[in-house]
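Visitor: Please give me a close look at the sheet pairing in this model. Then show me a few places around it.

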Amino acid sequence: MLRTVFAPLLSLCVWSTSVLAIEVNPSVAQDFNASPSFPLQPPLPSGLAEEPYRLGPGDQLSMKIFRLPDYSGTFNVLVDGTVMLPSVGTVSVAGLTLPEATETIAARYAGRLRRPIVDLSLISLRPLQVGIAGEVQRPGTYSITPTGTSLPSITQFLQQAGGILMTANLQEVILERQEPNGVRQIQLNLQTLLETGNAQANITLRDGDTIFIPATISTDLSQLSYLVNASFVGQIPDVVNVAVIGEVFRPGSHTVTATTRTGKAGTTGNTTRFGRFPTVTGALEAAGGIQATADVRQVKILRPTRSGADQVIQVNLWKLLESGDVTQDAVLQEGDTVIVPKATTLVPEEASQLAVASFAPSSITVHIVGEVVRPGEILIPPNTPLNQALLTAGGFSTRSRRNSVQFIRLNSDGSVASRNISIDLETGANDETNPILQNNDIVLVGRSAFTQISDTLDSLAGPLARFFTIFSTPINLFNILNR
């Protein structure tokens, strides 16, 4: 009775044991490719499953049929998407994944062989063609031949296209991929790759993919600082041509290098400044430096994009001066426009700090005229007070009125401000008696009262002297002739 009940179970156990013995038989394992038939790829961003590789013309396959070495070998996918296999001829594999192709080939051999065991693997991949458009240096179609079975990543293709522009919006990159059911759009965030080094964003591409890099109309400077050092950003030129307008001494078009340094106010900057790339401060220096009325907190960069709209970048250079925030000194691109607005209010303490900034003029020009030792145009450092400028001009002459001078300032709106200033050479800088001078200020040093009287008497005595000279000339001649 027990033998009747357990006999089927015993036979099942014997069958299972024989099956397990076959699966772990070393001679059987050697007939299979022990390496993975497809390379491990980095995972895609959350919500995007890794797309299986689909075969196409140019792929190279290795096929092994268990215990039939004559049927095994290396085969290429032909231009029509088929492979030529022993005994069965051509088999179409274009558009199939590796498991699907394995199943298709096994089905073809099933008509000739009894339960064929087919192992199919990729040896090398065909060149991948990918279209790239948007904010890259050279939009177009690019081809990369993979190394072995490693698929190229999106950043590799971006490098092929010359790299991205600094107007790129890396948070909304669009990938279009052809799938059996049609084209699917996938949004990628490459900014996370720059900020965190998360390789999940650096996805591998497939043949026929299309990448679109959109433009961003507004951006913050922290993102730009990541872009400057990114491996897939386009090469930043050493020389750019930009426009600088607003409160600078020489508004207009300027060539800016990484070494531009300003000179005296109103002159184009030279090339002694150290740096890596052309930046905003370099553009201001090339434009002769900022005016005393410049609002450096609201500097703006207008950057053209391929879409036609301008990207707007806000720059606060006061943060650069106050806390050393170098991200505010944004790197420039060809065709940028730098706008320096006029300040609505001026704080004297801040004006003094701005006057000695690297993007302010290294010297300013003032005019000291009248009764000084060396009257005329003089060059003085920014933040120079009136008393020091008078001493630079040699100080008062013996004919000067030393208690006051006339101070004249040409305003940017074309108006002229003039006032008398009482002079006290012992006082420090202050707006009332010893103001800080600006470029093109005029200081008129008048004559003393005694000098004015003396000059008046001289002017009156001049005609009388000439009269007596004329009157006495005939008498002198008569005296000479009578000798």
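Guide: What follows begins with the whole chain, turns to one sheet, and ends at single residues.

This is a predicted model, in which local features need pLDDT of at least 70 and side-chain atom pairs count only at pLDDT 80 or more, while totals for chains, interfaces and linings use all residues. Residues are numbered from 1 along each chain as its sequence is written, and side-chain values use heavy atoms, with hydrogens and water left out.

The protein chain holds eleven helices and 20 strands. Both are DSSP runs, numbered from the N terminus: helices are H or I with at least four residues, strands are E with at least two. Of the 483 residues in the protein chain, 41% are buried. Buried means under 20% relative accessible area, exposed means over 50%, and partly exposed lies in between (1.4 Å probe, protein chains only). Now take contacts, meaning heavy atoms within 4.5 Å. Among those in the protein chain between residues at least 6 apart in sequence, 61% join residues at least 24 apart.

Now the sheet. Which strands build it, and in what order? Five strands form an open sheet, in the order E12-E11-E15-E13-E14. The pairing is mixed. Two strands pair if DSSP finds at least two bridges between them. Look at the edges. Strand E12 (252–257) and strand E14 (310–315) stand there, and each has a single partner strand, so one side of each is left without a neighbour in the sheet. Neighbouring strands of this sheet are turned by 30° against each other on average, direction ignored.

Walk across it from E12. Strand E11 (residues 239–246) pairs with E12 in the antiparallel sense, over six bridges. One bridge sets Val239 against Thr257 in E12. E11 and E12 form a hairpin, with five residues between them. E11 also has four bridges to strand E15 (residues 337–340), and these two run parallel. Here Ala243 stands opposite Thr337 in E15. Move on to strand E13 (residues 299–304). Six bridges join E13 to E14, and that pair is antiparallel. Leu302 stands opposite Val312 in E14.

Next comes strand E10 (residues 210–213). Which residues sit on its covered face? Ile211 and Ile213 do, while Thr210 and Phe212 make up the uncovered face. In a regular strand the side chains alternate between the two faces of the sheet.

E10 pairs with strand E6 (residues 128–134), and four bridges join these parallel strands. Ala133 stands opposite Phe212 in E10. E10 pairs with strand E8 (residues 173–179) too, in the antiparallel sense and over three bridges. There, Leu175 has Ile211 of E10 as its bridge partner.

The loop between E10 and helix H6 (221–228) contains Thr216. Is Thr216 buried or exposed? Its relative accessibility is 13%, so Thr216 counts as buried. Set aside its neighbours within four places in sequence, and Thr216 is in contact with Thr167, Ala168, Asn169 and Gln311.

Now a residue in a helix. Ala101 has its place in helix H3 (residues 98–110). Ala101 counts as buried because its relative accessibility is 0%. Leave aside neighbours within four places in sequence, and Ala101 is in contact with Leu55, Val93, Leu96 and Leu120. Arg54 lies 47 residues away from Ala101 along the chain, yet their C-alpha atoms are separated by 9.3 Å.

Follow the chain out of H3. Arg115 is in the loop between H3 and strand E5 (118–124). Relative accessibility is 75% here, so Arg115 counts as exposed. What is notable about the phi of Arg115? Phi is near 45°, a positive value in a residue other than glycine.

Asn440 gives a further case. Its phi is near 70°, again a positive value in a residue other than glycine. Asn440 lies in the loop between strand E19 (416–422) and strand E20 (442–445). With 36% relative accessibility, Asn440 counts as partly exposed.

Definitions and conventions. Axes fitted to C-alpha atoms, helices over the stretch in contact; angles between N-to-C directions.
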